[in-house]
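Welcome, and thanks for taking a look at this one with me. Please open the sequence and the 3D view side by side before reading on.

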Amino acid sequence: MPLEFSERIRRIPVYPAAATYASDQPLVRLASNESPYPPLPAVKDAIAGALEQLNRYPDPTNSLLRKRLSERYGVPAARIAVGNGSCDILLAAGEALLEPGAEFVYAWPSFSVYPHLSAASGATGVTVPLDANDRHDLEAMAREITAATRLVVVCNPNNPTSTALPSSEIADFVSQVPGHVCVIVDEAYCEFNVLDDPESSVDLLAAHPNLALLRTFSKVYGLCGLRAGFALCGSERLVQALDQVRQPFFCNALAQAGAIEALAHQDEVEQRVARTIAERISVDERLRALGLQPADSQANFCWFELGGGDTEDATAREHDVMAGLTARGVLVRAGGALGRAGALRVTYGTSAENERFLTALAQVFAEIGAPVG
Ligand SMILES: Cc1ncc(COP(=O)(O)O)c(C=O)c1O
């Protein structure tokens, strides 16, 4: 007899994890929007220092981490939620806010975890297509908000399309959303956004108790292996609800120690951001020289269509390009797995990694034909 699972297991999509491939050459990992730079030595030391105490449970209130975050952002510690990665907070928000009959509004294509929230809770997911520039269409999203809406997520900059909206547009949108609806602005990549000061959205929290800004140590701090994220919230009640639906020790001791130390090294973090932005400018220029039109990236990755014509052709072309890159040891993400066939999402790596990617892509185009239109 096969195991019998709950109804929600039939609904919950399986997360499209990036594949890793057996290869006899060093792989260029540009598939998961990770930092190409290893953790800072001081962060490694802090984590090593915490090893001695692993016989003790971690601080369930994450008090020192929340204190440091509070000092950095000027948001009271009681309005800061910490998570086992920011995904943990997203999933907790789904559990705390959604249920059958409730509605959850988000853009598509956007972060692949969002559909999970409605599927897991039995709420209705309402997806709103991106605009012609692959950015959130906030007017269309506002029109989808009803009395049943409990949660709206805006991903800024958006994964997978890399585009961002200016904070003035986010501010206008948030002020239109009724107070019973929680708005999460997922800012996993905000430090790479040059349209605005990444801290500008923090000012909105004072006026909007229903707002949460979701941030992570996974991207700019290069600590995705550690699993630490946080949300700056407009109300204490939201933080309490996020904590209520989770197990008590959701952020492990090494993650807390590493995240606390990482916050003390903003100068190095800024240098890494500057390097990534320099790579972004140079890679995007080279992509345009190959006949591609990358979206206006404000993130640590680019997004471009492969110019394959109708959906069937686009899918076939995506498959051929992915196969060609993989055969050359370059791992990127196919758009088809992220909501749009015929596109690629590629993380900016080190200069050497980007060179390998661009060389491989040029070789693949030489084999299968250059992009048209
Ligand atoms: C938009 C967005 N939000 C959240 C996350 C989750 O990051 P983590 O759980 O590692 O903090 C990611 C990871 O790729 C992301 O792209």
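The points below go from the overall layout to the ligand and its surroundings.

1. A word before we start: this is a predicted model. Please keep that in mind for each value that follows, as the distances and areas are computed from it.

2. Let's begin with the layout. The chain is divided into two parts: domain 1 covers 7–38 + 266–368, and domain 2 covers 41–262. Between their centres, taken over C-alpha atoms, there are 24 Å. On the domain 1 side 29 residues take part in the contact, and on the domain 2 side 35 residues do.

3. Next, find the ligand. The space it takes is the largest pocket. Around the ligand you will see 13 residues, the closest being S86, D186, Y189, T216 and S218. By type, this shell holds 5 nonpolar, 5 polar and 3 charged residues.

4. Now zoom in on the oxygen atoms of the ligand. An N or O atom in the side chain of S218 is 2.6 Å from one such oxygen atom. For Y189, the distance from a side-chain N or O atom to a ligand oxygen is 2.7 Å. R227 also has a polar side-chain atom 2.8 Å from an oxygen atom of the ligand.

5. Finally, is the ligand mostly buried or exposed? Taken alone it exposes 390 Å², and the protein buries 93% of that.

How values were computed. Residues are numbered from 1 along each chain as its sequence is written. This is a predicted model: local features need pLDDT of at least 70, side-chain atom pairs count only at pLDDT 80 or more; totals for chains, interfaces and linings use all residues. Side-chain values use heavy atoms; hydrogens and water are left out. A residue is near a molecule or strand if one of its heavy atoms lies within 4 Å of it. A polar contact is a pair of N or O atoms within 3.5 Å; within protein, one must be able to donate a hydrogen and the other to accept it, and residues adjacent in sequence count only if both atoms are side-chain atoms. Accessible areas come from the Shrake-Rupley method with a 1.4 Å probe; for residues, only the protein chains shown count as cover. On a 1 Å grid over the protein atoms alone, a cavity is a set of points where a 1.4 Å probe fits but cannot get out, and a pocket is an open set with protein on both sides within 12 Å along at least five of seven lines; lining residues have an atom within 4 Å of a point. A molecule sits in a cavity or pocket if more than half of its atoms lie within 2 Å of its grid points. Ala, Val, Leu, Ile, Met, Phe, Trp, Tyr, Cys and Pro count as nonpolar, Asp, Glu, Lys and Arg as charged, and the others, Gly among them, as polar. Domain bounds come from an automatic or database domain assignment. Contact means heavy atoms within 4.5 Å.
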